[in-house]
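Thank you all for coming this morning. I would like to walk you slowly through one structure, and I will pause along the way to ask what the parts have to do with each other.

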Amino acid sequence: MHHRTRTLLLTLLALLAFAANSLLCRTALRDGGIDPASFTGLRLASGAIMLCLLLAWRRQTCAPLLQRGTVAGGALLFVYAAGFSFAYQQVGAATGALVLFATVQMVMLAVGMVRGERPGIQGWVGIALACCGLAVLLMPGLQSPPLGGALLMALAGLAWAGYSLRGRNGVDALQSTAGSFLLSLPPAALLLLLTLPAARIDAQGAVLAIISGALASGLGYVIWYRALPGLSATQAATVQLSVPLLAALGGIALLGESMSPRLLLAGTAIVLGIAAVIYRRAPR
């Protein structure tokens, strides 16, 4: 398979996993069957177990990962997962998605420019078009968010941008992701202990958290790490703007929500903008 085609397919699969993760988290926390700290702990633990099983299938063990993995990867993953869960207790889905992905885009674009990446005219037009589409998709339902929730989601965006930038180093995707998940478990356990009096969990919340961790997070992040070496920081930032759109389409397919002209217009703008960034001509 051609390298570019493989990168695009992996990117699409990763973005679908991110959208699924968003839907699972919203459903679990919205119904009140699980608290954010328990959701975060179960999500990270089930992801770590899934990745260790995959390593065992490859005849590798998890123990050396604690030495090879970096503390930074585990810390960034924990901050993202915890901030994401706690923020959705305070802000609406549309507001949270806008804050998260706007933060990710700004950080990754800034890092890309510092490293010498230049989107060019077509790239900037594509970025602006995708941002406008995202604003059309989300803005009509926005309300002024609580400052605490907005800051938590922005913190999650900063951590996710850092985690994604680390994945562009071309390391072994499965080993690197497994190491990050394992190293995220100690702070997750400490968070559970600190919030133990407020803990609550039911069967539905636990199942959603486990699916989110094992499939949408564990496998999804491995796929994302495999795709990242083939993407520039600008491309990696821009394609993630499609996640709110994919989540909205998932709501239509799975939750019975209706297709609106606003969604169709926003989706067209986001897809065209992303295509302009990915397929821009390389500078001479």
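Before I count anything, let me say how I count: rings of Phe, Tyr and Trp, with the six-membered ring standing for Trp, make a pair if their centres lie within 6.5 Å. By this rule the count comes to eleven aromatic pairs, and please keep in mind throughout that this is a predicted model.

Let me start with one of these pairs, Phe18 and Trp224, whose ring centres are 5.5 Å apart with the planes at 75°, and since planes over 60 degrees apart count as edge-to-face, that is what this pair is called. Phe18 belongs to helix 1 and Trp224 to helix 9, so that the pair joins distant parts of the chain, 206 residues apart. Are these two residues buried or exposed? Both Phe18 and Trp224 are buried.

A second pair is formed by Tyr80 and Trp160, with ring centres 5.0 Å apart and planes at 40°, and this pair is therefore tilted. It too links distant parts of the chain, with Tyr80 in helix 4 and Trp160 in helix 7, 80 residues apart. Tyr80 has a relative accessible area of 8% and Trp160 one of 5%, and each counts as buried because the limit is under 20%.

Ring pairs join these residues into a cluster, whose members include Phe18, Tyr80, Trp160, Tyr221 and Trp224. Those five names come back in the largest nonpolar core, which has 69 residues and in which they are among the residues with the most contacts. Helix 1, residues 3–30, gives the most to this core, with nine residues.

Which residues does Trp224 touch, once its neighbours within four places in sequence are left aside? Among them are Thr11, Ala14, Phe18, Trp160 and Val239. The helix that carries Trp224 is helix 9, residues 203–227, which spans 34 Å from its first C-alpha to its last, close to the 36 Å expected. Helix 9 also has a kink of about 35°, centred on Ser212.

Finally, let us step back to the whole chain, which has twelve helices and zero strands. Buried residues make up 50% of its 284 residues. Of the contacts with a separation of 6 or more, 90% are between residues 24 or more positions apart, and the two ring pairs I described, at 206 and 80 residues apart, show what such a separation looks like.

Technical notes
Residues numbered from 1 in each chain as written. Predicted model: local features only at pLDDT ≥ 70, side-chain atom pairs only at ≥ 80, totals over all residues. Heavy atoms only, no water. Helix = DSSP H or I, 4+ residues; strand = E, 2+ residues; numbered from the N terminus. Expected span 1.5 Å × (residues − 1). Bend = angle between axes of the 7 residues up to and from the residue. Core = buried A, V, L, I, M, F, W, Y, C linked by side-chain atoms within 4.5 Å. Buried < 20%, exposed > 50% of the residue type's maximum accessible area, 1.4 Å probe, protein only. Contact = heavy atoms within 4.5 Å. Phe/Tyr/Trp six-rings, centres within 6.5 Å; stacked < 30°, edge-to-face > 60°.
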